[in-house]
Amino acid sequence: MKLFGSPLSGRVIKAAGLGAALILSASAVQAQSGPFAGFDGSWSGNGTVALSDGTTERIRCKASYKVAGANLKQSLQCASDSYKFLLSSDVTSQGDRISGNWSEASRNVNGELQGTAGNGQIDVFVQAAGFAASITLRTNGNKQVVQISSKGEIRGVNITMSKT
């Protein structure tokens, strides 16, 4: 039986290609339907940081999110003329409940986090020895808003980013 070069070979190749495309698109939909849907990728933007001494400064930020099933790795780097922070986290979801670990590299602080995720929003409470904060991340399409509120050196952060 001659397969290559016959009309049957063209149909087989087209069917195989269509099957592969369907499998890949189903995988992409599944990856974007979990609690971290919409976060994967690189983001950048700017905002403000309010410090405990009452000053407010403009900041520039970059974020990276890597989503793998029920796991999320996040990195958020922000800087102003006189201030910077580098926040990273490793998060796992069980349904809409999330938990994990976080660290802030420039101050050598780390701790645990817990909260909820779903519908383009993550709400977490982070804590470490002598520090606690609430963090909300909201994503809608290619826009993301990050809000941090604490009683520490950083009193509040408001950032608006776009997917890059």
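# Notebook: one predicted chain, looked up piece by piece

**Entry 1, Phe131.** I began with Phe131, which is found in strand E8. The model is a predicted one, and I kept that in mind throughout. Is Phe131 buried or exposed? I found it in between: Phe131 is partly exposed, because its relative accessible area is 28%. I then listed its contacts, leaving aside neighbours within four places in sequence, and got Trp102, Val126 and Ser150. For Ser150 I also looked up the spacing: Phe131 and Ser150 stand 19 residues apart in sequence, and their C-alpha atoms are 8.0 Å apart in space.

**Entry 2, aromatic pairs.** I searched for paired rings and the count came to three aromatic pairs. I looked at the pair of Trp102 and Phe131, whose ring centres are 5.8 Å apart. The planes of Trp102 and Phe131 meet at 55°, so I noted this pair as tilted. Trp102 belongs to strand E5 (residues 97-104) and Phe131 to strand E8 (residues 131-140), so the pair ties together parts 29 residues apart in sequence. I checked the cover of Trp102 as well: Trp102 counts as buried because its relative accessibility is 6%.

**Entry 3, the whole chain.** I stepped back to the outline. The protein chain has one helix and 10 strands. Read along the sequence, I get the pattern α-β-β-β-β-β-β-β-β-β-β. The chain has 164 residues, and buried residues make up 33% of them. I put the exposed surface of the chain at about 9,700 Å², with carbon and sulfur atoms supplying 55% of it. I also looked at contacts with a separation of 6 or more: residues 24 or more positions apart account for 33% of these.

**Entry 4, confidence.** I looked up how sure the predictor is. The average pLDDT of the protein chain is 83, and 80% of the residues score at least 70. Where does pLDDT stay under 50? I found this over residues 6-31. For that stretch the model has four contacts beyond four places in sequence.

**Entry 5, the disulfide.** How many disulfides does a search of the whole structure find? I found one. Cys61 and Cys78 form it, with their sulfur atoms 2.1 Å apart. I noted that Cys61 sits in strand E2 and Cys78 in strand E3 (residues 71-79), so the pair links distant parts of the chain, 17 residues apart. A disulfide is a covalent bond between the sulfur atoms of two cysteines. The link of Cys61 and Cys78 is right-handed, with 115° about the S-S bond. I looked up the cover of each partner. Cys61 is buried because its relative accessible area is 4%, which is under 20%. Cys78 is buried too, with a relative accessible area of 1%.

**Entry 6, Lys66.** I stayed on strand E2 (residues 56-68), which also holds Lys66. Is Lys66 buried or exposed? Lys66 is exposed, because its relative accessible area of 53% is over 50%. Leaving aside neighbours within four places in sequence, I found Lys66 in contact with Asp40, Asn71, Leu72 and Lys73. I looked up the spacing to Asp40: Lys66 and Asp40 are 26 residues apart in sequence, but 5.3 Å apart in space from C-alpha to C-alpha.

**Entry 7, the nonpolar core.** I turned to the largest nonpolar core and counted 33 residues in it. Which residues have the most contacts inside this core? I wrote down Tyr65, Leu76, Phe85, Ile122, Val157, Ile159 and Met161. I followed Ile122 further. Not counting residues up to four places away in sequence, Ile122 touches Phe36, Phe39, Leu72, Ile98, Thr116, Ala117, Ile135, Thr136 and Leu137. Leu72 is thus a name I had met before, among the contacts of Lys66.

**Entry 8, two asparagines.** I ended with backbone angles. Most residues other than glycine have a negative phi. Asn108 has a positive phi of about 55° although it is not a glycine. I placed Asn108 in the loop between E5 and strand E6 (109-118). Asn108 is exposed, with a relative accessible area of 69%. Asn119 also has a positive phi of about 55° without being a glycine. I found Asn119 in the loop between E6 and strand E7 (121-128). Asn119 is exposed as well, its relative accessible area being 86%.

Technical notes:
Residues are numbered from 1 along each chain as its sequence is written. This is a predicted model: local features need pLDDT of at least 70, side-chain atom pairs count only at pLDDT 80 or more; totals for chains, interfaces and linings use all residues. Side-chain values use heavy atoms; hydrogens and water are left out. Helices (H or I, at least four residues) and strands (E, at least two) are DSSP runs, numbered from the N terminus. Buried means under 20% relative accessible area, exposed over 50%, partly exposed in between (1.4 Å probe, protein chains only). Contact means heavy atoms within 4.5 Å. A nonpolar core is a set of buried Ala, Val, Leu, Ile, Met, Phe, Trp, Tyr and Cys residues joined through side-chain atoms within 4.5 Å. pLDDT is the predictor's confidence in each residue, from 0 to 100. Accessible areas come from the Shrake-Rupley method with a 1.4 Å probe; for residues, only the protein chains shown count as cover. A disulfide is a pair of cysteine sulfur atoms within 2.5 Å. Rings of Phe, Tyr and Trp (its six-membered ring) pair if their centres lie within 6.5 Å; planes under 30 degrees apart count as stacked, over 60 as edge-to-face and the rest as tilted.
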